[in-house]
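Here are a few short exercises to work through with the structure open beside you. Try each task yourself before you read the solution.

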Amino acid sequence: MTAEERATAASAIAVAVNAELDRWKAGTVVALYAAKDSEVATDAIDAAARERGLVVVYPRVTEGERVLSFAAVDRRALVPAKYGLLEPRTAGGQGMEPPE
């Protein structure tokens, strides 16, 4: 996907997701990922979710385990981590075993 195609896809996805977010109650937890270069950005979804009072969490790889932890942090607080991912600096949430 080119950068232009990713931007177009990100916009279309955000419009569709935002329509769903309108149905969720404030305080509902929304898990997002911070996109790498080749992935569709989720920044607009993050902003829309926060505007609606939803709690946005981001995953963090737990070293030495097959577990993801999630932390409610501002997107700007994410830091570069293993695999080139942006993650919360510290885990602040519940671990989740990935599917087989």
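**Exercise 1. Find the residues with the most contacts inside the largest nonpolar core, and the elements that build this core.**

Solution. Keep in mind that this is a predicted model. Start with the core itself: the largest one has 14 residues. Inside it, Leu 21, Leu 32 and Tyr 58 have the most contacts. Next, look for the suppliers. At least two residues of this core come from each of α1 (3–21), α2 (43–51) and β2 (55–61). Finally, pick out the top contributor: α2 gives the most, with three residues.

**Exercise 2. Describe the order of helices and strands, starting from the N terminus.**

Solution. Count the elements, and you get two helices and six strands. Now walk along the chain from the N terminus: the order is α-β-α-β-β-β-β-β.

**Exercise 3. Work out how the axes of α1 and α2 are arranged, and which residues make the contact.**

Solution. Two quantities describe a pair of packed helices: the angle between their axes and the distance between the axes. Here the axes of α1 and α2 come within 9 Å, and they cross at roughly 20°. Angles under 35 degrees count as roughly parallel, so α1 and α2 are roughly parallel to each other. The crossing in which α1 passes α2 is right-handed. On the α1 side, the contact is made by Ile 13, Ala 14, Val 17, Asn 18 and Leu 21. On the α2 side, Ala 44, Ile 45, Ala 48 and Ala 49 take part.

**Exercise 4. List the buried residues of α2 and say what they pack against.**

Solution. Go along α2 and you find Ile 45, Asp 46, Ala 48 and Ala 49 buried. These buried residues pack against α1 and β2. Then step past the end of the helix: Gly 53 follows α2 and has a positive phi, near 80°.

**Exercise 5. Decide whether Thr 42 is buried or exposed, and find what it touches.**

Solution. First locate Thr 42: its place is in the loop between β1 (29–31) and α2. Buried means under 20% relative accessible area. Thr 42 has 6% relative accessibility, so it counts as buried. Leaving out residues up to four places away in sequence, Thr 42 touches Leu 32, Tyr 33, Ala 34 and Tyr 58.

**Exercise 6. State what share of the protein's residues is buried, and what supplies the exposed area.**

Solution. Of the 100 residues, 30% count as buried. Turning to the surface, the protein exposes about 6500 Å², and carbon and sulfur atoms supply 56% of that area.

Methods: Residues numbered from 1 in each chain as written. Predicted model: local features only at pLDDT ≥ 70, side-chain atom pairs only at ≥ 80, totals over all residues. Heavy atoms only, no water. Core = buried A, V, L, I, M, F, W, Y, C linked by side-chain atoms within 4.5 Å. Buried < 20%, exposed > 50% of the residue type's maximum accessible area, 1.4 Å probe, protein only. Helix = DSSP H or I, 4+ residues; strand = E, 2+ residues; numbered from the N terminus. Areas by Shrake-Rupley, 256 points an atom, 1.4 Å probe, with all protein chains shown as cover. Contact = heavy atoms within 4.5 Å. Axes fitted to C-alpha atoms, helices over the stretch in contact; angles between N-to-C directions. Parallel < 35°, antiparallel > 145°, perpendicular 65-115°, else oblique. Left-handed = near helix turned anticlockwise from the far one by under 90°.
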